[in-house]
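Reader: Hello! I'd love a close look at one part of this model, with its surroundings filled in as you go. Could you take me through it slowly, as you would for a colleague at the bench?

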Amino acid sequence: MRMVSDPGYTEVDLSASAEELTWLASAVARGEGLLSATSSPGGDALVGVEVLKSSGPGVLIRRDAERQILVISGDSVGRAVLAGDLRAMATYEDGGHLHIDYFPGHFYLAEGSLPLVVNSPHGGMPRR
């Protein structure tokens, strides 16, 4: 898994294998887990992702600058939706990417969530 945060911390780009995305989806659904990134610390690369349960409402995606990790926390309903999105991206066999961006009234993301781009393990744009 590789996660890169842009210098202004306004978006995180996540690339992972299908297995890693499936593991992340399971951790999000459970509300607990810690996965290390394969890249080394420093620069704009993050060293891992941590998933936590919280009372919500919704899911908050944030960057912990001190530990250089992505933190995903939220209530069970919001986490279930995000987990489903991650599982779907892991199974798409024709590539693409998923933008997870907060907007006012978003049905599962909490205000203040960092935008996240999840790349397909199969790369490229889908043929569908």
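Author: Happy to. One definition first: two strands pair if DSSP finds at least two bridges between them. Please keep in mind that this is a predicted model.

The part I would like to look at is strand 5, residues 48–53. A little background helps to place this strand. The chain has 128 residues, and in it there are 2 helices and 9 strands. Along the sequence they come in the pattern β-β-α-β-β-β-β-β-α-β-β. Of the residues, 45% count as buried. The chain's accessible surface is about 6400 Å², and carbon and sulfur atoms hold 54% of that. Among contacts with a separation of 6 or more, 51% are between residues 24 or more positions apart.

Now to the strand itself. Strand 5 pairs with strand 3 (residues 32–36) in the antiparallel sense, over 5 bridges. Strand 5 is also joined to strand 7 (residues 69–74), by 6 bridges, and those two run parallel.

Let us start with Gly-48, which lies in strand 5. Opposite Gly-48 stands Ser-36. Is Gly-48 buried or exposed? Gly-48 counts as buried because its relative accessibility is 2%, and the cut-off for buried is under 20%. Beyond its neighbours within four places in sequence, Gly-48 is in contact with Met-3, Leu-35, Ser-36, Ala-37, Gln-68, Ile-69 and Leu-70. Ser-36, the residue opposite in the pairing, is thus also among those contacts. Another distance you can check on screen is the one to Val-71: 8.7 Å from C-alpha to C-alpha, for two residues 23 apart in sequence.

Next comes Lys-53, whose bridge partner in strand 7 is Gly-74. Lys-53 also gives us a way over to helix 1, since its C-alpha atom is separated by 8.6 Å from that of Val-28, although the two are 25 residues apart along the chain. Val-28 has its place in helix 1 (residues 18–30). With a relative accessible area of 0%, Val-28 is buried. Not counting residues up to four places away in sequence, Val-28 touches Val-51, Ile-72, Arg-79, Leu-82, Ala-83 and Leu-86.

After strand 5 comes the loop that leads to strand 6 (59–64), and Gly-58 has its place there. Gly-58 is buried because its relative accessible area is 14%, and buried means under 20%. Leaving aside neighbours within four places in sequence, the contacts of Gly-58 are Ser-73, Gly-74, Asp-75 and Tyr-108. You have met Gly-74 already, as the bridge partner of Lys-53. Gly-58 is 49 residues from Phe-107 along the chain, yet their C-alpha atoms are separated by 7.7 Å.

Phe-107 and Tyr-108 deserve a short stop of their own. The structure holds 1 aromatic pair, and these two residues form it: their ring centres are 5.1 Å apart and their planes stand at 75°, so the pair is edge-to-face. Which of these residues is buried, and which is exposed? Phe-107 counts as exposed because its relative accessibility is 64%, where exposed means over 50%. Tyr-108 is buried, with a relative accessible area of 5%.

Let me finish with the surroundings, in another sheet. There, 5 strands form an open sheet with mixed pairing, in the order 4-1-2-9-8. Its edge strands are strand 4 (45–46) and strand 8 (97–100), each of which pairs on one side only. Strand 8 runs antiparallel to strand 9, to which 4 bridges join it. One of the paired positions is His-99, whose bridge partner in strand 9 is Val-117. Helix 2 (residues 76–91) packs on this sheet and touches strand 8 and strand 9, with its direction at about 165° to that of strand 8.

In the segment after strand 9 (116–119) you will find Ser-120. Ser-120 is buried, with a relative accessible area of 6%. Apart from neighbours within four places in sequence, Ser-120 is in contact with Met-89, Tyr-92, Gly-95, Gly-96 and His-97.

Key: Residues numbered from 1 in each chain as written. Predicted model: local features only at pLDDT ≥ 70, side-chain atom pairs only at ≥ 80, totals over all residues. Heavy atoms only, no water. Buried < 20%, exposed > 50% of the residue type's maximum accessible area, 1.4 Å probe, protein only. Contact = heavy atoms within 4.5 Å. Areas by Shrake-Rupley, 256 points an atom, 1.4 Å probe, with all protein chains shown as cover. Axes fitted to C-alpha atoms, helices over the stretch in contact; angles between N-to-C directions. Phe/Tyr/Trp six-rings, centres within 6.5 Å; stacked < 30°, edge-to-face > 60°.
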